[in-house]
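Open the model in your viewer and keep the selection panel at hand. The stops below are given in the order in which to select them.

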Amino acid sequence: MDDKEADGVTDMERFTIAASGADWAELTHECLINILSRLPLEDRWRCVMFVCKSWHHACKDPCLNSVLDLESHFQSASDMPRFWTPEFERRIDSMVASVVAWSAGSLTEIRVRHCSDRSLSLVAQSAPNLQALSIRHCPHVTDATMAAIASGCPKIKELDLSSCYEISHKSLATLGTNCPNISTLKRNFLSPSQHVGIVPSEYLNACPQDGDSEAAAISKFMPGLLHLELQFSKLTAKGLIMISEGCPKLEYLDLSGCANVTSRDIANAALNLNNLLTFKKPNFYIPRSVYHTERYGHWQLYDQRFQTDVFRI
């Protein structure tokens, strides 16, 4: 337990208690925004906006909604079974839709998981200044919506489409064509050995098999890439050579788990990548203990605390 919670009172509770004894009506909207900007997202969403009308209004100010970053709330239980349920997907979609509406076009970053076409179609329509889009593990995001994103969000620089299996090489081509500033692409895939029994089996089995088609799209339409991740991709030597020839500016390349490329393939590709600073090669020695089921034993405790409650809206 943190020192700040040792007495049973959280920082947010102290803030609310202090607020109850102050004349907050005298604060200008700008001052209130300045104060609220110092609070974490979960406090604004779960507590502050329900205190009074003026606080509720302040929490919806565009300057507090230019970034939606929920990634940290997934990291310690990234494959938690309930994350894959329709109910949870609807909650994420609701949060994204709310932030899109409140941002009034100022949204620059979205980092979520398990959203769907429902919310991303709104992003495509109303987030022209979006620069970073991370939507890992989204079973119901399709090429059609990514085409709309490419058209409506041309300023994207950072893109994470990891484990979105309804997104194909067509989306990579469209995004590369319409978003010329993309310098970071993360297109990682799930490893069945790590996720079996946690992620729905039908989803694991839906993993795209033709990694070379995606490699071709990346090499042709994203020549300015500096950072590329393709963990557990099905690409072969052919695809790797295409990337090395089409993306000569690469500084970071992650091929962890790519079973269809050999050390010779990697050596040949590296000859074209003179700017490469970090090259993560396939490594297939993974201790079984890493995947012991007790690894997920903390989920019950996790679900009892904030990290999952933040998604309730």
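Start with Ser 162 and show its side chain together with the backbone of Asn 188: the Ser 162 side chain reaches the backbone nitrogen of Asn 188 at 3.1 Å. The model is a predicted one, and every distance on this tour is computed from it.

Stay on Ser 162 and add Asp 160. The side chains of Ser 162 and Asp 160 are joined by a polar contact of 2.7 Å. Now colour by secondary structure to place the serine: Ser 162 sits in the loop that runs between strand S4 (158-160) and helix H8 (169-178).

Is Ser 162 buried or exposed? Its relative accessible area is 2%, and because buried means under 20%, Ser 162 counts as buried.

Next, select the residues in contact with Ser 162. With neighbours within four places in sequence set aside, these are Ile 135, Arg 136, His 137, Lys 186, Arg 187 and Asn 188. Asn 188 has already appeared, as the residue whose backbone nitrogen the Ser 162 side chain reaches.

For a distance between C-alpha atoms, pick Ser 162 and Glu 229. The two are 67 residues apart along the chain, and their C-alpha atoms are separated by 9.0 Å.

From the contact list, move to His 137. This residue lies in the loop between strand S3 (132-136) and helix H7 (143-152). His 137 is buried, at 4% relative accessibility. Check its backbone torsions as well: phi of His 137 is near 55°, a positive value in a residue other than glycine. Most residues other than glycine have a negative phi.

Then select Ala 104, in the loop between helix H5 (86-103) and strand S2 (109-113). Ala 104 is not a glycine, yet its phi is positive, at about 55°. How does Ala 104 count, as buried or exposed? Ala 104 is exposed, at 62% relative accessibility, whereas His 137 is buried.

Finally, clear the selection and view the whole protein chain. How many helices and strands does the protein chain have? There are 15 helices and 8 strands. Of the 313 residues in the protein chain, 47% are buried. Switch on the surface: the accessible surface of the protein chain comes to about 15,200 Å², and 52% of that belongs to carbon and sulfur atoms. A contact map gives the last view: among contacts between residues at least 6 apart in sequence, 73% join residues at least 24 apart.

Definitions and conventions: Residues numbered from 1 in each chain as written. Predicted model: local features only at pLDDT ≥ 70, side-chain atom pairs only at ≥ 80, totals over all residues. Heavy atoms only, no water. Helix = DSSP H or I, 4+ residues; strand = E, 2+ residues; numbered from the N terminus. Buried < 20%, exposed > 50% of the residue type's maximum accessible area, 1.4 Å probe, protein only. Contact = heavy atoms within 4.5 Å. Areas by Shrake-Rupley, 256 points an atom, 1.4 Å probe, with all protein chains shown as cover. Polar contact = N/O pair within 3.5 Å; in protein donor to acceptor, adjacent residues only side chain to side chain.
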